[in-house]
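Visitor: I'd like a tour of the charged pairs in this one. Could you walk me through them?

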Amino acid sequence: MMHSLQTLYMSHTCTPINPLFAFKSDRGRRFTFRAEVPKVSSCLVSYEQQKVEANPLSRESEKVIEIERNVFVGTYARAPVVFKSGKGCKLYDVDGKEYLDMTAGIAVNSLGHGDPDWINAVVEQANTLTHVSNVYYSLPQVTLGKRLVECSFADRVFFTNSGTEANEAAIKFSRKFQRHSHPDKKNPATEFISFSNSFHGRTMGALALTSKEHYRIPFEPVMPGVTFLEYGNIKEAQKAIQPGKTAAVFVEPIQGEGGIYSATKDFLQLLRTVCDDAGALLVFDEVQCGLGRTGHLWAHEAFGVIPDIMTLAKPLAGGLPIGVVLTTEKVAAAINTGDHGSTFAGGPLVCHAALAVLDKIQNPDFLASVTRKGLFLKELLLEKLGDNSHVKEVRGFGLIVGIELDVQASPLVDACRDAGLLVLTAGKGNVVRLVPPLVISEQELEHAVEVLTACAPTLDGNSSTSS
């Protein structure tokens, strides 16, 4: 077995992640295995990671990468692999090499690649009607809106094209709600609360709510009036959320980009109470952690706390662009015709695809399988990596799992990719993030952990990181 893993390491590599329950090794390191709430994070590959590669690129791959370099704006530091096709939880590059996908397109492809029911839905709708704009009604949009309301806390729905657009709409809805609620007040509440390690998007409003300074500084001034608090700090939240000042509080029940950090039930309940007392709205950003990834249909269900607004996006349409704002009636009552809109949002093609996704993920047996496989993955990670001196903590919830290291994770991510396993980093680059398709099998999870374990020696000699 050891020989086979050594051989695997020479040609392949991968990195996984764990859920949350608290464990301590005999060396005092902490392992979290919490059945309630996880922590997440999603950093893309750094430019430096791409400079030195163990495996030379094929001529076809080099050609594609060179064309991209010459014609694209340089916003992405892509990993040096060119994908051509996918099936299930596997991806194939232009040279035919197979990769086990533990990234799901950054938590998007929950049904994997090429799900037959999803394909049928897309083809069927493409042959029927793809776009009419929101000047008119369309059947798939109305059907999906009704379904989302029926399976959530919400009374009303608004469609967008992405997660950041959904958060932009939530910002506008929050300010309009305050103005509507205080018609005689010259200066109603307009400010927002966000948290450390948060990520809400890259457009100007959502960017202002995102804590990482290197995302915001190049584009300042961004939207003013945002206060960042320590994630999970109840005392700070009690002091900062103020009547007549705070329009809304934006929080991820499970943080993705920030490093797979989970809120606690007490923290979210406190936010709910303080927001109610202050007349502020509570907004849950479930763009990454929502729609089945935690084993609950909505991540906040694990905490028993209901928001006023929830934003969704990534997995809903199975890889097609969609975003959603779900709201209570009291928020929706403040929004009038013309207050917001979109040409493409909620188009027939995307909504019909989303219905196929929702049909599967909403099934209680499907959600139970996510919980079961999440626990299985975390147990494997603890068994295989629990004694590794570089592993500080394993945390997560369902199939959104993170492994925090005392060094940068990029060498491990690179080695796993060379070995045919795709994983992501998160946090300060020291967290390995696993967000596989929710349909992944236990056998595939076992393989992922085998590769990850075989590649772990790449962490030796890597410079340590600050906590």
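Guide: Sure, let's start with Glu442, which has a relative accessible area of 31%. Keep in mind that this is a predicted model.

Visitor: Is Glu442 buried, partly exposed or exposed?
Guide: Buried would need a value under 20%, and exposed one over 50%. Glu442 has 31%, so the label is partly exposed.

Visitor: Which residue forms a salt bridge with Glu442?
Guide: Look for a side-chain nitrogen of Lys or Arg within 4 Å of the carboxyl oxygen. The closest N and O atoms of this pair are 4.0 Å apart. Glu442 sits in helix 16 and its partner in helix 14, 70 residues apart. That partner, partly exposed at 48%, is Arg372.

Visitor: Asp117 forms a salt bridge with Lys360, so how many residues apart are the two?
Guide: Their closest N and O atoms are 2.9 Å apart. Asp117 belongs to helix 5 (residues 116–126) and Lys360 to helix 13 (residues 348–361). Along the chain, the separation of this pair is 243 residues.

Visitor: And Glu329 with Arg156: which strand does Arg156 lie in?
Guide: The side chains of Glu329 and Arg156 meet in a salt bridge at 3.1 Å, N to O. Glu329 lies in helix 12, so the pair ties together parts 173 residues apart in sequence. Arg156 is at the other end, in strand 6.

Visitor: How many salt bridges does the count come to?
Guide: Besides the pairs above, there's a network of salt bridges linking Arg272, Asp276, Asp308 and Lys330. The count comes to 20.

Key:
Residues are numbered from 1 along each chain as its sequence is written. This is a predicted model: local features need pLDDT of at least 70, side-chain atom pairs count only at pLDDT 80 or more; totals for chains, interfaces and linings use all residues. Side-chain values use heavy atoms; hydrogens and water are left out. Helices (H or I, at least four residues) and strands (E, at least two) are DSSP runs, numbered from the N terminus. Buried means under 20% relative accessible area, exposed over 50%, partly exposed in between (1.4 Å probe, protein chains only).
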